[in-house]
Structures are given as structure tokens and as C-alpha cells.
Amino acid sequence: MTYADRPGAKNRPTPSRREQESARKRPLVPTDRKAAAGQSRDAARLARAKQRAALLSGDESALPARDKGPVKRYIREVVDSRLNIGEFMLPIMFVVLALTFLPAIFKSTASWATMLVFTLVYGLVVAGALDAFMMWRRTKAEIVTKFGEAPPRGSAMYAVMRAFQMRRSRLPRPQIDRAVPMVLRRFKRK
């Protein structure tokens, strides 16, 4: 049976439920499991590549669930716009590691080198923790005023872990420049 083409009409009969169900049927277990596993691996690899590209570019649509949303974006912007003490921990820990070998090399410097290492390590940890705590309190208050609700669960750890990473290794990549503190603006070249 043929139907005359009418503008604005679908120009075909509606398929029955049985026809629609039979068209959608697929076996639960694929017949060629090796090919299905290969397709699954390729799809997962493609999804990971897309996600990695989004982490590098900051594309909000393909970010993982832990980084999606306006609140998480705001947290990233706050952390990335400031100078965090925690991001200097890794480079300073390399210096501390080098200082731990001094007592073995120079016997006369054993006591002051050990004291310097302990002071540097614990002082840095306390300063980084205090900086992160104050940053989160300020950020949480800003989120409540801006979005009208408390940040989702886990946001504090998200902000702190980002603050303790070196800026170059943060993913998603920082999208904004670091704000220069007032003290350092005098010395900035023009």
C-alpha cells in the first residue's frame, strides 16, 4: 500500500509494538565475545581520551562527575586565583630530603641540620594546613552567598587537594590567572 506524500506528515504508517520491539532486540550475550570486548575497550579508550582532553582544555561538558558543576568551577577559580602555601610543599620537601643527608656527610652539622629539617617540615605542614583551612572557610561563605546553598559534600577536600597541588599539575587546568597580592604588585615589572 502506498501513501501520497503530504507536506508536514510523516508519510508512513506507525509501526506496531511488535515490529518496534523486534527491531530493538539484541542478544544479551554477544556471539563474538572477542569482538565485543575489543569494541568495549575501544569505547572506553575513546571516552578516557575525550575526558583527558576536557581536563586539559577545561571543557565543562566532558569533565568527570567530580569536576562538573558551577560550584566546583567556582572552587577551582578561587583556588587557582590565589597563591597557596600547600603548592610549595613538594619542592620544599625535595630540599628537606637533601638536608637529611647532611648529618651523614658532615658530622659537625648533625644537630643544626636535623633541627632545621624538623622545623622546616613541621612549620610548612602547619602553615599549609592553616592556609587551606582559612581558604576553605572564606570560599564556603562565598559559595553560600553566591549560590544560596551549602557546597556539596566533599567540596572541602576537593578545594584542599587542589590547593596542595602545584599549579602546573592541576587537572582540570587553571582557566584564570593568579591574582598578584598587593605586596608584590610594587615589584611587578610593567
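These notebook entries record what I looked up in a predicted model of one protein chain.

**Entry 1: overall architecture.** I began with the secondary structure and found eight helices and zero strands in the protein chain. Read along the sequence, I noted the pattern as α-α-α-α-α-α-α-α. I then compared the radius of gyration with the globule rule: the value is 28 Å, well over the 16 Å given for 190 residues, so the protein chain is more spread out than a compact globule. For the extent of the C-alpha trace, I recorded about 100 × 45 × 35 Å along the principal axes.

**Entry 2: burial, contacts and surface.** I asked what share of the 190 residues is buried. The answer is 24%. I next looked at contacts with a separation of 6 or more, and residues 24 or more positions apart account for 62% of them. The exposed surface of the protein chain comes to about 14,600 Å², and I noted that carbon and sulfur atoms supply 62% of that area.

**Entry 3: charges.** I counted 38 positive and 15 negative charges in the protein chain. The mean positions of these two sets lie 5 Å apart.

**Entry 4: helix α2.** I checked the length of helix α2, residues 33-57. At 1.5 Å a residue, its 25 residues should span 36 Å, and the end C-alpha atoms are 36 Å apart, so expectation and model agree. Within α2, I listed Gly38, Ala54 and Leu55 as buried. Just after α2, I noted that glycine 58 takes a positive phi of about 85°.

**Entry 5: helix α3.** Is helix α3, residues 70-80, mostly covered or mostly uncovered? I found α3 mostly covered, with eight of its 11 residues buried. Which residues of α3 are the buried ones? I recorded Val71, Lys72, Tyr74, Ile75, Arg76, Val78, Val79 and Asp80. The list takes in Lys72, Arg76 and Asp80, and Lys and Arg count as positive while Asp counts as negative. For reference, I added that an α-helix has 3.6 residues a turn, so residues three or four places apart point the same way.

**Entry 6: alanine 98.** I located alanine 98 in helix α4, which covers residues 89-100. Is alanine 98 buried or partly exposed? Its relative accessible area is 47%; buried requires under 20% and exposed over 50%, so alanine 98 is classed as partly exposed. Finally, I looked up its separation from valine 117: the two are 19 residues apart in sequence, and their C-alpha atoms are 9.6 Å apart in space.

Terms used:
Residues numbered from 1 in each chain as written. Predicted model: local features only at pLDDT ≥ 70, side-chain atom pairs only at ≥ 80, totals over all residues. Heavy atoms only, no water. Helix = DSSP H or I, 4+ residues; strand = E, 2+ residues; numbered from the N terminus. Rg over C-alpha atoms; globule rule 2.2 N^0.38 Å. Buried < 20%, exposed > 50% of the residue type's maximum accessible area, 1.4 Å probe, protein only. Contact = heavy atoms within 4.5 Å. Areas by Shrake-Rupley, 256 points an atom, 1.4 Å probe, with all protein chains shown as cover. Charge placed at Lys NZ, Arg CZ, Asp CG, Glu CD. Expected span 1.5 Å × (residues − 1).
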